[in-house]
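Subject: Structure handover

Hi,

Here is the structure I promised to pass on. Please open it alongside this note.

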Amino acid sequence: MSKVYVFDHPLIQHKLTYIRDINTGTKEFRELVDEVATLMAFEITRDLPLEDKTIETPVTKMTSKILSGKKIGIVPILRAGIGMVEGVLKLIPAAKVGHIGLYRDPETLEPVEYYAKLPADVAEREFIVVDPMLATGGSAIEAINSLKKRGAVNIKFMCLIAAPEGVQALQDAHNDVDVYIAALDDKLDEHGYIVPGLGDAGDRLFGTK
């Protein structure tokens, strides 16, 4: 079974409070999401492999550590996932960015893929799928299906806020994908919104209704 990591770092929790606040405007909301994504990226990359490198300091030669060149891919689920990409890239600037677009079928209410553009070397990369919200889990499950269908074998999912129902659904569908979240909320309401949540992340990021 995959693991679920809930980040309780004080800086993340502080910024998340203002992200949730209805009085936080679009500009500040966008900046806060970006900052929290950076803080989460610091944690999600904790297990990246290292290798030795011999360098010369101003004092002497030494053997130190550098990343061993593991290839990373960041995949936002359109459109709200875009708000988290730059925050992750601040720490992993060499990462490639793919995109997966999904819409909800008005009759079946199931997510349908309408766009997918990924790096060419899919099988060689560790992918971090990002989306601010994990509500029912449908979009996350379909995005990961899309990645696996194209050859991805090493995938993590990262979001700001999750509902227990979404976490369970994602684990049931993809028990090899670890889940990284800033807050695990109470439940979904009858409309599929996370409670207490933060509303519609896409609308708040881009100033739309």
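Below is what was found, going from the cores to the helices and then to one histidine.

Please keep in mind that this is a predicted model.

**The cores**

The largest nonpolar core has 38 residues. Within it, Ile 19, Met 40, Met 158, Leu 160 and Ile 161 touch the most other members. Two or more residues each come from helices H1 (10–20), H2 (26–44), H3 (82–89) and H6 (201–206). Strands S4 (72–78), S8 (126–130), S10 (154–162) and S11 also give two or more. H2 supplies the largest share, with 8 residues.

A separate core lies apart from this one and has 24 residues. Val 75, Phe 127, Leu 134 and Cys 159 are among them.

Met 158 deserves a click. Beyond its neighbours within four places in sequence, Met 158 contacts Ala 37, Met 40, Ala 41 and Ile 44. Its other partners are Met 84, Val 88, Ile 128, Val 129, Val 130, Asp 131 and Tyr 180.

**Helix H3**

H3 is mostly covered, with 6 of its 8 residues buried. Those are Gly 83, Met 84, Val 85, Gly 87, Val 88 and Leu 89. What lies over them? The cover on the buried residues of H3 includes H2, S4, strand S5 (96–97), S8, S10 and H6.

**The H4/H5 pair**

Helix H4 spans residues 138–149. Helix H5 covers 164–173. The two pack at an angle of about 25°, and their axes are 9 Å apart. Angles under 35 degrees count as roughly parallel, so H4 and H5 are roughly parallel to each other. Their crossing is right-handed. On the H4 side, the residues that meet H5 are Ala 140, Ile 141 and Ile 144. On the H5 side they are Ala 169, Leu 170 and Ala 173.

**His 174**

Where does His 174 sit? It is placed in the loop between H5 and strand S11 (178–184). Is His 174 buried or exposed? His 174 has a relative accessible area of 4%, so it is buried. A polar atom of its side chain lies 3.2 Å from the backbone oxygen of Ile 141. Not counting residues up to four places away in sequence, His 174 touches Ser 2, Ile 141, Ile 144, Asn 145 and Lys 148. Ile 141 and Ile 144 also appear in the H4 face that meets H5.

Best wishes

Definitions and conventions: Residues numbered from 1 in each chain as written. Predicted model: local features only at pLDDT ≥ 70, side-chain atom pairs only at ≥ 80, totals over all residues. Heavy atoms only, no water. Helix = DSSP H or I, 4+ residues; strand = E, 2+ residues; numbered from the N terminus. Buried < 20%, exposed > 50% of the residue type's maximum accessible area, 1.4 Å probe, protein only. Polar contact = N/O pair within 3.5 Å; in protein donor to acceptor, adjacent residues only side chain to side chain. Contact = heavy atoms within 4.5 Å. Core = buried A, V, L, I, M, F, W, Y, C linked by side-chain atoms within 4.5 Å. Axes fitted to C-alpha atoms, helices over the stretch in contact; angles between N-to-C directions. Parallel < 35°, antiparallel > 145°, perpendicular 65-115°, else oblique. Left-handed = near helix turned anticlockwise from the far one by under 90°.
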